[in-house]
Amino acid sequence: VLGHVDTGKTKLLDRIRKTNVQEGEAGGITQQIGATFFPMENIRTLSDKVPGAEKEEHRIPGMLVIDTPGHESFSNLRSRGASLCDICVLVIDLMHGLEPQTIESMHLLKRRKCPFIVALNKVDRLYGWESTPDAPFSETFKNQKRDTVSEFEARWADVKTQIAEQGLNAELHFRNKDPRKVVSVVPTSALTGEGVPDLLLLAVRLTQKLLSS
């Protein structure tokens with residue numbers, strides 16, 4: 001898991017683990033590499049909330065997730081984390097867009113030709129957002145008011161342009177017709193768990209497609 005400081009990387013993992021590691025860290029900032037193994041049965045309790053996911057066959061025992069620091073001082077640890085991983089989740093703050101360490105992380109992944117998906121985090125910060133805890137994004141998105149949807153689409157359009165400026169095509173996961181060539185983006189909230197089922201399901205699918213053999 002890579003991204004700029006304070007985008008919600010550890011908070012996302014805390015939501016999945018049902019822990020509170022982030023608040024115990026100095027200044028709420030991760031300062032070391034941490035690893036957590038998620039067994040498949042734990043992943044499925046969330047990923048199976050996505051319609052149709054419960055019918056999918058999972059051929060991996062689980063996932064070992066490596067959490068990396070986002071602060072600019074820890075560039076060497078991010079590089080080390082990127083060199084260890086098979087796939088990556090790049091966390092981007094919807095409200096701030098691409099930040100310096102996000103861009104640095106993207107370049108690390110491109111250099112390593114490491115496949116990744118984007119967690120577009122902090123959707124709960126949108127004005128008027130109505131939360132449905134731990135729900136798939138499609139389910140919670142259809143409950144939002146028109147103004148909230150409009151703000152989301154405008155902010156996503158900005159982020160999409162910023163990603164394109166780094167030489168990558170990206171699309172929201174439920175609109176992505178070519179996941180092999182276009183980076184899938186999953187809107188999430190580390191605070192409420194919304195979108196986390198989609199993120200886990202996509203990570204499992206990508207892992208199985210590339211690594212299960």
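How many bridges join strand E4 (residues 88–93) to E5, and in which sense do the two run? Six bridges link them, and the strands are parallel. The model described here is predicted.

**The chain as a whole**

The chain holds seven helices and seven strands. Along the sequence they follow the pattern β-α-β-α-β-α-β-α-β-α-α-β-β-α. Of the 213 residues, 52% are buried. Among contacts with a separation of 6 or more, 71% are between residues 24 or more positions apart. The accessible surface of the chain is about 10,400 Å², and carbon and sulfur atoms account for 50% of that area.

**Strand E5 and its partners**

Strand E5 covers residues 116–121, and six of its six residues are buried. In a regular strand, side chains alternate between the two faces of the sheet. On one side of E5 lie Phe116, Val118 and Leu120. The other side carries Ile117, Ala119 and Asn121. Both faces are covered, with all of these residues buried. Between E4 and E5 the chain passes through helix H4 (residues 100–112), and this β-α-β crossover is right-handed.

E5 also pairs with strand E7 (residues 183–187), again in the parallel sense. The table sets out the two pairings.

| Partner of E5 | Residues | Bridges | Sense | Residue pair |
|---|---|---|---|---|
| E4 | 88–93 | six bridges | parallel | Val91 opposite Ala119 in E5 |
| E7 | 183–187 | three bridges | parallel | Pro187 in E7 with Leu120 |

The residues of E5 named in the table, Ala119 and Leu120, belong to opposite sides of the strand, and both are buried.

Notes
Residues are numbered from 1 along each chain as its sequence is written. This is a predicted model: local features need pLDDT of at least 70, side-chain atom pairs count only at pLDDT 80 or more; totals for chains, interfaces and linings use all residues. Side-chain values use heavy atoms; hydrogens and water are left out. Buried means under 20% relative accessible area, exposed over 50%, partly exposed in between (1.4 Å probe, protein chains only). Helices (H or I, at least four residues) and strands (E, at least two) are DSSP runs, numbered from the N terminus. Two strands pair if DSSP finds at least two bridges between them. A crossover is right-handed if, with the strands pointing away from the viewer, the path from the first strand over the helix to the second runs clockwise. Contact means heavy atoms within 4.5 Å. Accessible areas come from the Shrake-Rupley method with a 1.4 Å probe; for residues, only the protein chains shown count as cover.
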